[in-house]
Amino acid sequence: NLGNRKNNMIIPKVCIFHKHLPIICSSFTCCLEPGVSSADVVIVKIETDEGLVGYGEAGAIGGYPNYAAGIVASSAELIKRHLIHKDPCDLNNIQHSMSLIDGHGSIKAAFDIACWDIFGKSLNKPLWALLGGKFRDKVPIYRGLPLKKPDEMAKEANTWRSEGYGYLLMKVGSGNVAEDVECIEAVLENRQPNEHLTVDASGRWRVDEALYVLKAVQHLDFVLEQPCWMYDECLSVRTRTNRAMKLDNVITDVNKVLRAQSDKACELMTLKIDKLGGLSQGKIARDITSAAGIAVTLEAQWATE
């Protein structure tokens, strides 16, 4: 029992394992990635002097600089030295130690999740209980549609529909806005009743390109995700359309969550646990979006695969 322990648990050892994991759909393409087939993963194992062990994961794919393997590995070694001899259940202290290192949310998340794992085991409680309880036993998941030619994307969308998926996220941003319009029209041609579809440009469009596409497909029903790379560009598009907007890539920390809420920059938001730096920061972001009435997708980088 954590409350009855006379002495704090300490971390004497941290192990880091580097793995390459295949992507289930064999290959994934978006405007930032011209086709990747495996994820670069770091598994963190935190051991304690009382025998409890916690695990966390940091994922990386291709050219995303925040997740590049070299950065993850070097950051892991750096943060590892900040955790030795600390109490893994003193989550506020762990967060403070990691905050002294700027950025690197993915590897911070791996350590944070491993500490939450130990905290839950020390109390014999599941994670959902520690985070405040649960409202339901299951939630819907979505399928991502990689960037392809219009007819190929439409065919893949229909395949996932036949398997019961009611949430689809399609990638656009091919570099040809006319083709992006064709892709959107092709996928939505067979849209099913109550289907929720998101069009994700991954920040690929300029403001004028985003407005061009939105005008061309204004008769179609979908959520627009991350049209431009910079926050202020997305906000500029937001002020010129009635289309529901979702922010993803620009939501890198709790401060960005607060700013988006203050600016009324979106109706939906993706909270990537690894990008935010773990469950500790993710919990804060969850509470802000819940209070603000912002719908969220909760995930980790590449977690749908």
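These exercises, each with a worked solution, deal with a predicted model of one protein chain.

**Exercise 1. The whole chain**

Task: Work out how many helices and strands the chain has, and judge its compactness.

Solution.
Step 1. Start with the elements. The chain holds 11 helices and 12 strands.
Step 2. Take the radius of gyration, which is 21 Å. For 305 residues the globule rule gives 19 Å. The two values are close, so the chain is as compact as a globular protein of that length.
Step 3. Add the extents. Along its principal axes the C-alpha trace spans about 65 × 40 × 35 Å.
Step 4. Look at burial. Of the 305 residues, 49% count as buried.
Step 5. Turn to contacts. Take those with a separation of 6 or more: residues 24 or more positions apart account for 64% of them.

**Exercise 2. The nonpolar cores**

Task: Find how many residues the largest nonpolar core has, and which helix gives the most to it.

Solution.
Step 1. The largest nonpolar core has 45 residues. M170, I184, F222 and L247 have the most contacts inside it.
Step 2. Helix α6, residues 177-188, gives the most to this core, with 6 residues.
Step 3. Another core lies apart from the largest one and has 27 residues. Among them are A76, I79, L91 and I107.
Step 4. Now zoom in on F222. Leave out residues up to four places away in sequence. F222 then touches I184, L188, L197, V199, L214, V217 and R243.
Step 5. Set this against a general tendency. In soluble globular proteins, nonpolar side chains tend to be buried together.

**Exercise 3. The largest pocket**

Task: Describe the largest pocket by its volume, then by the residues that line it.

Solution.
Step 1. The volume of the largest pocket is about 1700 Å³.
Step 2. Its lining has 39 residues. V139, R286, V296, T297 and L298 lie nearest the centre.
Step 3. Some elements give two or more residues to this lining. They are α4 (127-130), β7 (167-171), β8 (196-200), α11 (279-292) and β12 (295-299).
Step 4. α11 gives the most, with 7 residues.
Step 5. Sort the lining by class. There are 21 nonpolar, 9 polar and 9 charged residues.

**Exercise 4. Buried, partly exposed or exposed?**

Task: Place A58, T270, E195 and Q261 in the chain, classify each by accessibility, and list contacts beyond four places in sequence.

Solution.
Step 1. Fix the cut-offs. Buried means under 20% relative accessible area, exposed means over 50%, and partly exposed lies in between.
Step 2. A58 sits in strand β5, residues 53-60. Its relative accessible area is 1%, so A58 is buried. A58 touches D40, V41, V42, V72, S106, I107 and A110.
Step 3. T270 sits in strand β11, residues 268-272. Its relative accessibility is 2%, so T270 counts as buried. T270 is in contact with E225, K246, L247, D248, I251, T297 and E299.
Step 4. E195 lies in the loop between α6 and β8. Its relative accessible area is 4%, so E195 is buried. E195 touches R161, G166 and L168.
Step 5. Q261 belongs to helix α9, residues 254-263. Its relative accessibility is 34%, so Q261 counts as partly exposed. Q261 touches A292 and I294.

**Exercise 5. Distance in sequence and in space**

Task: Give the C-alpha separations of Q261 and I288, and of A58 and L268.

Solution.
Step 1. Q261 and I288 are 27 residues apart in sequence. In space their C-alpha atoms are 8.2 Å apart.
Step 2. A58 and L268 are 210 residues apart along the chain. Their C-alpha atoms are separated by 25 Å.

**Exercise 6. Positive phi without glycine**

Task: H85 and Q226 each have a positive phi and are not glycine. Is each one buried or exposed?

Solution.
Step 1. Phi of H85 is about 75°. H85 lies in the loop between α1 (69-83) and α2 (91-99).
Step 2. The relative accessibility of H85 is 58%, so H85 counts as exposed.
Step 3. Phi of Q226 is near 40°. Q226 lies in the loop between β9 (223-225) and α8 (231-238).
Step 4. The relative accessible area of Q226 is 0%, so Q226 is buried.

Conventions. Residues are numbered from 1 along each chain as its sequence is written. This is a predicted model: local features need pLDDT of at least 70, side-chain atom pairs count only at pLDDT 80 or more; totals for chains, interfaces and linings use all residues. Side-chain values use heavy atoms; hydrogens and water are left out. A nonpolar core is a set of buried Ala, Val, Leu, Ile, Met, Phe, Trp, Tyr and Cys residues joined through side-chain atoms within 4.5 Å. Buried means under 20% relative accessible area, exposed over 50%, partly exposed in between (1.4 Å probe, protein chains only). Helices (H or I, at least four residues) and strands (E, at least two) are DSSP runs, numbered from the N terminus. Contact means heavy atoms within 4.5 Å. On a 1 Å grid over the protein atoms alone, a cavity is a set of points where a 1.4 Å probe fits but cannot get out, and a pocket is an open set with protein on both sides within 12 Å along at least five of seven lines; lining residues have an atom within 4 Å of a point. Grid points are joined across faces, edges and corners, and a volume is the space filled by probe spheres set on the points. Ala, Val, Leu, Ile, Met, Phe, Trp, Tyr, Cys and Pro count as nonpolar, Asp, Glu, Lys and Arg as charged, and the others, Gly among them, as polar. The radius of gyration is taken over C-alpha atoms; the globule rule is 2.2 Å times the number of residues to the power 0.38.
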